Amino acid sequence: MYNYNSFRIPINSIPDYWSEIVPYISQALKYSAREWTPIEILKLALDDKIQIWLTVEASKENPNKIVCVTTTMILTFKSGKKILHILTMSGSGLKKFLSQDQILYNFAIEKGLDAIRSEGRKGWDRFTNNKYKQIYHVYERKINLEKGD
């Protein structure tokens, strides 16, 4: 049986981890709305505007093997509502890194946030353990690709 450890990468350690984690971030961005690049995420993380989280395998066979990389950003709305927005999450074996949820939850409490929010593919629903509620669907209409409209 494997145990997993989740933690936020300290800002000054991000450059040390970058070559290992950028493939995970890039993979997640392939399934996103393509609003971010890995370099933008790196720059904002180094400015403490984005947080980077790791879940690692804590076993004798594979100590500190990365199984998940997640990036988050704190958003504050005019209404005063503050959320921890999950920008990217990538890894292998989704159930392995769900332990990260409690770490994100504790961080949100520490920062006085109102919620944790993420957008994702429909398949993520079955892994949220009813802790997350679907509050809306996201639709997007691309302007530059449509003709005759």
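**Note on the predicted model: strands, helix H1 and cores**

1. Ser90 is found in strand S4, which spans residues 82–91. The model is a predicted one, and the points below describe it as such. Ser90 has a relative accessible area of 10% and therefore counts as buried, the limit being under 20%. Leaving out residues up to four places away in sequence, Ser90 touches Tyr24, Gln27, Ala28, Val67, Cys68 and Val69. A polar atom of the Ser90 side chain lies 3.3 Å from the backbone oxygen of Tyr24.

2. Tyr24, at the other end of that polar pair, is found in helix H1. Is Tyr24 buried or partly exposed? Tyr24 is partly exposed, because its relative accessible area is 23% and the buried class stops under 20%. Beyond residues up to four places away in sequence, Tyr24 touches Ile66, Val69, Ser90 and Gly91. Ile66 is 42 residues from Tyr24 in sequence, yet their C-alpha atoms are 9.6 Å apart in space. Val69 appears both among the residues touched by Tyr24 and among those touched by Ser90.

3. On the overall layout, the chain has three helices and five strands. Read from the N terminus, the order of elements is β-α-α-β-β-β-α-β. Of the contacts between residues at least 6 apart in sequence, 56% join residues at least 24 apart. Buried residues account for 32% of the 149 residues. The accessible surface is about 10,200 Å², and carbon and sulfur atoms hold 51% of it.

4. Strand S2, residues 51–57, is mostly covered, with seven of its seven residues buried. Gln51, Trp53, Thr55 and Glu57 point one way from S2, while Ile52, Leu54 and Val56 point the other way. Both sets are buried.

5. Which strands pair with S2? Strand S1, residues 4–8, runs antiparallel to S2 and is joined to it by five bridges; in that pairing Ser6 stands opposite Thr55. Strand S3, residues 65–76, also runs antiparallel to S2, with seven bridges between them. There Gln51 has Thr72 as its bridge partner.

6. S3 continues the pairing to S4, in the antiparallel sense, over nine bridges. Thr76 stands opposite Lys82 in S4. S3 and S4 form a hairpin with five residues between them, and Gly80 in the turn has a positive phi of about 100°. S4 is mostly covered, seven of its 10 residues being buried.

7. S4 is joined to strand S5 by four bridges, and these two strands run parallel. Leu84 stands opposite Ile116 in S5.

8. The largest nonpolar core has 17 residues, and those with the most contacts inside it are Ile14, Trp18, Ile21, Ile25, Ile52, Leu54 and Val69. H1 (14–30), helix H2 (38–46), S2 and S3 are the elements that give two or more residues to this core. H1 gives the most, with five residues. Trp18, apart from its neighbours within four places in sequence, is in contact with Ile25, Pro38, Leu42 and Ile52. A second, separate core has eight residues, including Trp53, Leu84, Ala108 and Leu113. Two residues of S2 that point opposite ways, Ile52 and Trp53, thus belong to separate cores: Ile52 to the largest and Trp53 to the second. Nonpolar side chains in soluble globular proteins tend to be buried together.

9. One backbone angle outside the strands deserves a look. Asp48 lies in the loop between H2 and S2, and its phi is near 65°, a positive value in a residue other than glycine. Asp48 is partly exposed, with a relative accessible area of 40%.

10. On confidence, the chain averages a pLDDT of 82, and 74% of the residues score at least 70. Which element has the lowest mean pLDDT, and which the highest? Among the elements, S5 (residues 115–118) has the lowest mean, 86, and H2 the highest, 97. Where pLDDT is low, the predicted coordinates should not be read in detail.

Technical notes. Residues are numbered from 1 along each chain as its sequence is written. This is a predicted model: local features need pLDDT of at least 70, side-chain atom pairs count only at pLDDT 80 or more; totals for chains, interfaces and linings use all residues. Side-chain values use heavy atoms; hydrogens and water are left out. Buried means under 20% relative accessible area, exposed over 50%, partly exposed in between (1.4 Å probe, protein chains only). Two strands pair if DSSP finds at least two bridges between them. Contact means heavy atoms within 4.5 Å. Accessible areas come from the Shrake-Rupley method with a 1.4 Å probe; for residues, only the protein chains shown count as cover. A nonpolar core is a set of buried Ala, Val, Leu, Ile, Met, Phe, Trp, Tyr and Cys residues joined through side-chain atoms within 4.5 Å. pLDDT is the predictor's confidence in each residue, from 0 to 100. A polar contact is a pair of N or O atoms within 3.5 Å; within protein, one must be able to donate a hydrogen and the other to accept it, and residues adjacent in sequence count only if both atoms are side-chain atoms.
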